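Thanks for coming. I will walk through one structure this morning, so please have the sequence and the model open in front of you.

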Amino acid sequence: MHRRGFEACDLLGPDHALVHVKKTSTATGSSPRSHLFAQGLVAAESFTDPETWEKCRQVVAQQDPECASRLGTRPGSLVFAIHHSDKKLTAGNLFTFAQSTLVSAWATLTTYGVPVHVAVIP
């Protein structure tokens, strides 16, 4: 779908969840988190194309044929995992630009029927 490719995910979770992970700190601002949310959006949107999803299944099959055989017709969900030392990080206290990017990703992906989850990992 994209000539130069894209990062499908950092991890493939249970029930074919695309997991995107980013390590950040309070001082990093909104850039890394905004990038994380945009990255997930691009991946999940790209997988609405059946050919692109099939190519992903083929890559997974090279590592784990059994896992690839269980993949459905599209991602089951998208997880944004933020490794952050501050346990008080929430969607509500993200910087404005990161909040906006997260809301845009959530609105688009839920329209496609792809649930979105955010996990803060201390």
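Is β3 mostly covered or mostly open? Mostly covered: of its eight residues, seven are buried. Before I go on, please keep in mind that this is a predicted model.

Let me put that strand in its sheet. The sheet is open and has four strands, in the order β1-β2-β3-β4, and the pairing is mixed. At the edges are β1, residues 11-13, and β4, residues 116-121, each of which pairs on one side only. On average, neighbouring strands here are turned by 30° against each other, direction ignored.

Now the individual pairs. As general background, strands of a sheet pair through backbone hydrogen bonds, in either a parallel or an antiparallel sense. Here, β2, residues 17-24, runs parallel to β3, residues 77-84, and eight bridges connect the two. If you want to find the register on your screen, take Ala17, whose bridge partner in β3 is Ser77. Further along, Lys22 stands opposite Ile82 in β3. On to the next pair: β3 and β4 are also parallel, joined by six bridges. There, Leu78 is opposite Val116 of β4.

Next, the helix on the sheet. Helix α1 spans residues 31-46. The sheet has α1 packed on it, with contacts to β2 and β3, and the direction of the helix makes about 165° with that of β2. One residue to look at in this helix is Ser34. Is Ser34 buried or exposed? Ser34 is buried, because its relative accessible area is 6%, and the cut-off for buried is under 20%. Leaving out residues up to four places away in sequence, Ser34 touches Phe97, Ala98 and Thr101.

That brings me to the core. In general, nonpolar side chains of soluble globular proteins tend to be buried together. The largest nonpolar core in this model has 24 residues, and those touching the most other members are Phe37, Phe47, Val60, Leu78, Phe80, Leu94 and Leu109. At least two residues each come from α1, α2 (50-63), α3 (65-70), β3 and α4 (96-111). Which element gives the most to this core? The answer is α1, with five residues.

Take Leu109 from that list. Not counting neighbours within four places in sequence, Leu109 contacts Leu41, Ala44, Glu45, Leu78, Val114 and Val116. You have already met two of these residues, Leu78 and Val116, as the pair standing opposite each other between β3 and β4.

Last, the loop between β1 and β2, where Asp15 is placed. Asp15 counts as exposed because its relative accessibility is 67%, and the cut-off for exposed is over 50%. In sequence, Asp15 is 100 residues from Pro115, while in space their C-alpha atoms are 12 Å apart.

The backbone of this loop is also worth a look. Most residues other than glycine have a negative phi. Asp15, not a glycine, has a positive phi of about 55°. His16, found in that loop too, has a positive phi of about 45°, and His16 is not a glycine either.

That is the tour.

Definitions and conventions: Residues numbered from 1 in each chain as written. Predicted model: local features only at pLDDT ≥ 70, side-chain atom pairs only at ≥ 80, totals over all residues. Heavy atoms only, no water. Buried < 20%, exposed > 50% of the residue type's maximum accessible area, 1.4 Å probe, protein only. Contact = heavy atoms within 4.5 Å. Pairing = 2+ DSSP bridges. Axes fitted to C-alpha atoms, helices over the stretch in contact; angles between N-to-C directions. Core = buried A, V, L, I, M, F, W, Y, C linked by side-chain atoms within 4.5 Å.
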